[in-house]
Structures are given as structure tokens and as C-alpha cells.
Amino acid sequence: MKKSEKIWMDGKFVKWGDAKVHVMTYALHYGASIFEGIRCYNTKKGSAVFRLEEHVKRFFESSKIYRMELNYTKKEIKEAILDTVRKNGLKSCYIRPLVFRGYGEMGVNPLNTPVHVMIAVWEWESYLGDEALEKGIKVKTSSWNRMAPNTFPFLAKAGGNYLNSQLAKMEAVLDGYDEAVMLDIDGYVAEGSGENIFLVKDGVFYTPPVYNTILQGITRDFVIKIAKEMGYPVKEERIPREMLYISDEIFFAGTAAEITPIREIDHYELGEHKITKEIQNKFFETIDKCDPKYMTIV
Ligand code: PPE
């Protein structure tokens, strides 16, 4: 990764190299962390953050599920995020706020451990390779399923959930694919290791509903809104695996992945990404013109 200058840690800026924790940090042993992934873009009106409000809201909701009390208000965290971007002088960057249980106690009861917050930013260009946005990627249906309901809260963007994502991603990469798509425990399409998924068939958009154990993505929400505005019907419904193979187009949506076309899935080739490109163009246009409905100027 490309390092930057300063990291915001519990209210203070520290040098990138000094942002350290003890090896007995609770989160390292028991996975107790919550994070967000946000992007700041260099727009026509200067640097601006995409859907800051929504990301901060989910950050607090995820923390609430795990009973991690933040000693900051949403407004303070929003300001801290903007300050961290300013402090590092980056025109565009990826923003990673993290809450974690720190050093102090061991054992499965986390209630008495200190809760820390940090915000880091760095330059993160393409998530799935340089040609991904343009040409699309090769995807595999994972042999790993998403977690079952009432096991790990899937609405929380918790570090621990990403052990599941890592298994799927490693399998896909070792098998020669760019990314994995996971099914839920009933075998219905859920999402990628770090992205939500959309299918386009006969001019209709399909995406799994939240109960298929997906992260309720903020980019997903944007795609649903703009697809409807562009006149496409959008159906949030259960998707059988084989529908991936007979769709006209499939794409991933997420903060890091942005709008990434899928050109091949389980060796089934997909057609030209005409509608996907319309969505992708609209996404980058909204960002570039710094639409105040979605963007917060740094
Ligand atoms: N599903 C998962 C499992 C997921 O991790 C993400 C974001 C999404 C859906 C899309 O959500 P949203 O970003 O709100 O549209 N994944 C973040 C972390 C990726 C990483 O490798 O780290 C991201 O894209 O920032």
C-alpha cells in the first residue's frame, strides 16, 4: 500500500509510522473491529467525499451492534474524516475509519476493554486490476457460503466477517480468477468478497435483497436509485445461481471496486456491458460534477 503522512488516532494526528498498537490488542485475538471504506475524489469542485453521511451512519450502526461505544458524535467523526484528508494533502484517496477493542483484558467477554477509533487515508487506485473497470473481470462462484442469519451480523461491517471474504477471495485467486461471488446458505446469490452484485436481464436489474445475508452497500443503494431514474426496473429478489449464467450483463458495485463489469463467470461468457457502462458513466459523472446530493466537499 501507498502510505500517507498522518493517521487520526483517538482524536490526535500521529505520524503514519507511529500509529501502533500492542500485540495483546483484543481485536487481534478475537476479531473485534468495525470499519468503513469511503472514497474521496478529485472533482470539478475540488476534493469531495462520496456519500460521507451514509458511511458514517453505517459505521455507528455496526459499532452499536457490537456494543462498541464511540466517545464521539457522528458530526465529530465526519469532521475528523475531512480533517484527515486535508492533513494528508491528497486530492483523491481511500478512507478507512476503524473502531477496535484495544489492550487491557483477555477472554471472550469484551465489555471491559477500551474502544479505540482511528482514521487512515491513502491513495488506492484500482481495486481489481488496471483493466477491470474497462474490460471487466473473471469471477468464480465460491465453494464458501456467506454466513447464516443469526450467526455473524451481516449488516455490521465487522473485521471478523472478512475471514469469510478472505477464504472466498483466496480460493478464487488461487484458481486463476479475479474475484469470487458467494451464495447464501440456501444456495442463492449473495455478493462478492467485497462488493455487491447486480444482474441485467432483458432490460431489468436484479440484485439480492438484504436478507440474502449481504452487506447493505452504499454504492448498491446508489445504483438502485440511478437505475430507476434512468428508467430501468430494479428488482430486489432472490437470485438462483444459474441466473448468473443466463444474464445479459453482471457487475459488481462497491466503494473500492466502484462499478466493475464481470466478463466471465464460472467460464460462462457474458455479453457486451452496454447498460453496465451507462451506470458506470453516470456514477463517475455524478462524482465528477460533485452532485451535492451525494458529495461532501473537503
Ligand atoms: N459487500 C461487501 C462484503 C463489502 O465488503 C463491500 C465494501 C460491499 C458489499 C459494498 O459496500 P459499499 O462500499 O458500501 O458500497 N467493501 C469495502 C472493503 C473492501 C476491501 O477490500 O477492504 C470497500 O469497498 O471499501
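In strand 7, Val 115 is the bridge partner of Arg 101. This report starts from that strand and moves outward to the ligand, the loops, the salt bridges and the surface; the model it describes is predicted.

**Strand 7 and its neighbours**

Strand 7 covers residues 115–122, and six of its eight residues are buried, so the rest of the structure largely encloses this strand. Strand 6, which spans residues 93–101, runs antiparallel to strand 7 and is joined to it by eight bridges. Strand 1, made of residues 6–9, also pairs with strand 7 in the antiparallel sense, here over two bridges. Within strand 7, Met 118 stands opposite Met 9.

**The ligand and its surroundings**

Which residues come nearest to the ligand? There are 21 residues around the ligand, and those that come nearest are Tyr 94, Tyr 127, Tyr 162, Thr 219 and Thr 255. Tyr 127 places a polar side-chain atom 2.5 Å from an oxygen atom of the ligand. Arg 58 likewise has a polar side-chain atom 2.9 Å from a ligand oxygen atom. In Gly 194 a backbone N or O atom is involved, and it lies 3.3 Å from a nitrogen atom of the ligand. Taken alone, the ligand exposes 560 Å², of which the protein buries 93%.

Arg 58 also has a partner within the protein: its side chain makes a polar contact of 2.7 Å with the side chain of Glu 36. Glu 36 belongs to the loop between strand 3 (33–35) and strand 4 (38–43). Its relative accessible area is 0%, and Glu 36 is therefore buried.

**Residues in loops**

Is Arg 67 buried or exposed? Arg 67 counts as exposed because its relative accessibility is 66%. This residue lies in the loop between helix 2 (52–65) and helix 3 (74–88). Although Arg 67 is not a glycine, it has a positive phi of about 55°.

Thr 213 is another residue other than glycine with a positive phi, in this case near 60°. It is found in the loop between strand 12 (204–207) and helix 6 (218–229). With a relative accessibility of 2%, Thr 213 counts as buried.

Asn 161 is located in the loop between strand 8 (137–145) and helix 5 (162–174). Asn 161 is buried, its relative accessible area being 6%. Although Asn 161 and Ser 33 are 128 residues apart along the chain, their C-alpha atoms are separated by 9.8 Å.

**Salt bridges**

Side chains of opposite charge can pair when their charged atoms come close. The structure holds 21 salt bridges. Three of them are set out below.

| Pair | Closest N to O distance |
|---|---|
| Glu 54 and Arg 51 | 3.3 Å |
| Lys 169 and Glu 179 | 3.5 Å |
| Asp 221 and Lys 225 | 2.7 Å |

In the pair of Glu 54 and Arg 51, Glu 54 is partly exposed at 28% relative accessibility, whereas Arg 51 is buried at 5%.

What parts of the chain does the salt bridge between Lys 169 and Glu 179 tie together? Lys 169 lies in helix 5 and Glu 179 in strand 9 (residues 179–183), so the pair connects parts that are ten residues apart in sequence. Lys 169 counts as partly exposed, with a relative accessibility of 23%, while Glu 179 counts as buried at 0%.

Asp 221 and Lys 225 both belong to helix 6, where they are four residues apart, about one turn of the helix. Asp 221 is partly exposed, with a relative accessible area of 28%. Lys 225 also counts as partly exposed, at 34%. A network of salt bridges links Asp 221 and Lys 225 with Arg 51 and Glu 54.

**A nonpolar patch on the surface**

The surface carries a nonpolar patch of about 820 Å². The residues that make this patch are Val 21, Val 23, Met 24, Leu 28, Tyr 30, Tyr 103, Met 106 and Val 108. One of these, Met 24, has its place in the loop between strand 2 (12–15) and helix 1 (26–30). Met 24 is partly exposed, with a relative accessible area of 34%. That value is over the 30% required of a residue in such a patch.

Conventions
Residues numbered from 1 in each chain as written. Predicted model: local features only at pLDDT ≥ 70, side-chain atom pairs only at ≥ 80, totals over all residues. Heavy atoms only, no water. Patch = residues over 30% accessible without salt bridge, like charges linked within 9 Å, V, L, I, M, F, W, Y side chains within 5 Å. Areas by Shrake-Rupley, 256 points an atom, 1.4 Å probe, with all protein chains shown as cover. Salt bridge = Lys/Arg side-chain N within 4 Å of Asp/Glu carboxyl O. Buried < 20%, exposed > 50% of the residue type's maximum accessible area, 1.4 Å probe, protein only. Near = heavy atom within 4 Å. Polar contact = N/O pair within 3.5 Å; in protein donor to acceptor, adjacent residues only side chain to side chain. Pairing = 2+ DSSP bridges.
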